[in-house]
Amino acid sequence: ECQGAVEDCTEAIRLDPRDARAFMRRGMANLQLERFFDSSADCTQALTLDKSLLDAWLSRAAAQLQLGLFQNALGDCERALYLVDDAPAEIAHAARVRALEVRAGAKFGQGDVEDACLDCQR
């Protein structure tokens, strides 16, 4: 299913290379396929086109966490948490939880266990 999404998004990007959401969706599918470098690159392209895409910030943060790029993941989590404040209520809670989970993982990866635990308690 995710591979099909990658293929569909690739076709959408071919048709409209300025479609930020297609890059974001392909990045999200690549994240599910554990193609972390590709996911990060797609989300970066999406954010180059549209910096307001909350899911692109969250997906890139998760990919960067898996790549061991903890400082980058932290920065993306902070941006996502900022954007969550303007998100519709029905998605804000889940997005905040996801951002805090990834941020905790990045802090843990940097050896900041105490702060990671604090994020897990929020």
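This tour proceeds from the whole chain to single residues and closes at a pocket.

**The whole chain**

Begin with the entire chain in view, bearing in mind that the model is predicted. Colour the chain by secondary structure: 7 helices and 0 strands appear. Followed from the N terminus, the order of elements reads α-α-α-α-α-α-α.

Next, turn the C-alpha trace along its principal axes, where the chain spans about 45 × 30 × 25 Å. How does the radius of gyration of the chain stand beside that of a compact globule? A compact globule with 122 residues would have a value near 14 Å, and the chain has 14 Å, so the two agree.

Switch on the surface. The accessible surface of the chain comes to about 6900 Å², and carbon and sulfur atoms account for 51% of that area. Of the 122 residues in the chain, 42% are buried. If contacts are displayed, consider those with a separation of 6 or more: 48% of them join residues 24 or more positions apart.

**Helix α3: Ser40 and Asp42**

Select residues 36-49, which form helix α3, and pick out Ser40 within that helix. Is Ser40 buried or exposed? Ser40 has a relative accessibility of 9%, and because buried means under 20%, Ser40 counts as buried. Display what surrounds Ser40: beyond the residues up to four places away in sequence, Ser40 touches Arg60, Ala63, Gln64 and Leu67.

Remain in helix α3 and select Asp42. Asp42 also counts as buried, at 7% relative accessibility. Which residues is Asp42 in contact with, once neighbours within four places in sequence are left aside? They are Phe23, Arg26, Gly27 and Asn30.

For a distance, draw a line from the C-alpha atom of Asp42 to that of Asp76: the separation is 14 Å, and the two residues lie 34 residues apart along the chain.

**Helix α4: Arg60**

Move to Arg60, one of the residues that Ser40 touches. Arg60 is found in helix α4. With a relative accessible area of 14%, Arg60 is buried, since the limit for that term is 20%. Show the contacts of Arg60 outside its neighbours within four places in sequence: they are Ser40, Cys43, Thr44, Leu47 and Asp76.

**The end of α2 and the loop after it: Gln32 and Glu34**

Now select Gln32, which lies in helix α2. Gln32 is exposed, with a relative accessible area of 58%; the term applies because exposed means over 50%. The C-alpha atom of Gln32 is separated from that of Val97 by 18 Å, with these positions 65 residues apart along the chain.

Proceed to Glu34, placed in the loop between α2 and α3. Glu34 counts as exposed, at 58% relative accessibility. Inspect the backbone at this point: what is the phi of Glu34 near? The angle is near 60 degrees, a positive value in a residue other than glycine. Most residues other than glycine have a negative phi.

**Helix α6: Leu100**

Select Leu100, which is found in helix α6. Leu100 is buried, with a relative accessible area of 10%. Draw a line from the C-alpha atom of Leu100 to that of Asp38: these atoms are separated by 23 Å, and the residues are 62 residues apart along the chain.

**The largest pocket**

Finally, select Arg21, Met24, Ser52, Leu53, Leu54, Asp55, Leu58, Ile91, Ala94, Ala95 and Arg98, which line the largest pocket. Which elements give two or more residues to this lining? They are α2 (20-32), α4 (54-66) and α6 (89-109). Helix α6 supplies the largest share of the lining, with 4 residues.

The volume of the largest pocket is about 210 Å³. Colour the selected residues by character, and the lining divides into 7 nonpolar, 1 polar and 3 charged residues.

Conventions: Residues are numbered from 1 along each chain as its sequence is written. This is a predicted model: local features need pLDDT of at least 70, side-chain atom pairs count only at pLDDT 80 or more; totals for chains, interfaces and linings use all residues. Side-chain values use heavy atoms; hydrogens and water are left out. On a 1 Å grid over the protein atoms alone, a cavity is a set of points where a 1.4 Å probe fits but cannot get out, and a pocket is an open set with protein on both sides within 12 Å along at least five of seven lines; lining residues have an atom within 4 Å of a point. Grid points are joined across faces, edges and corners, and a volume is the space filled by probe spheres set on the points. Ala, Val, Leu, Ile, Met, Phe, Trp, Tyr, Cys and Pro count as nonpolar, Asp, Glu, Lys and Arg as charged, and the others, Gly among them, as polar. Buried means under 20% relative accessible area, exposed over 50%, partly exposed in between (1.4 Å probe, protein chains only). Contact means heavy atoms within 4.5 Å. The radius of gyration is taken over C-alpha atoms; the globule rule is 2.2 Å times the number of residues to the power 0.38. Accessible areas come from the Shrake-Rupley method with a 1.4 Å probe; for residues, only the protein chains shown count as cover.
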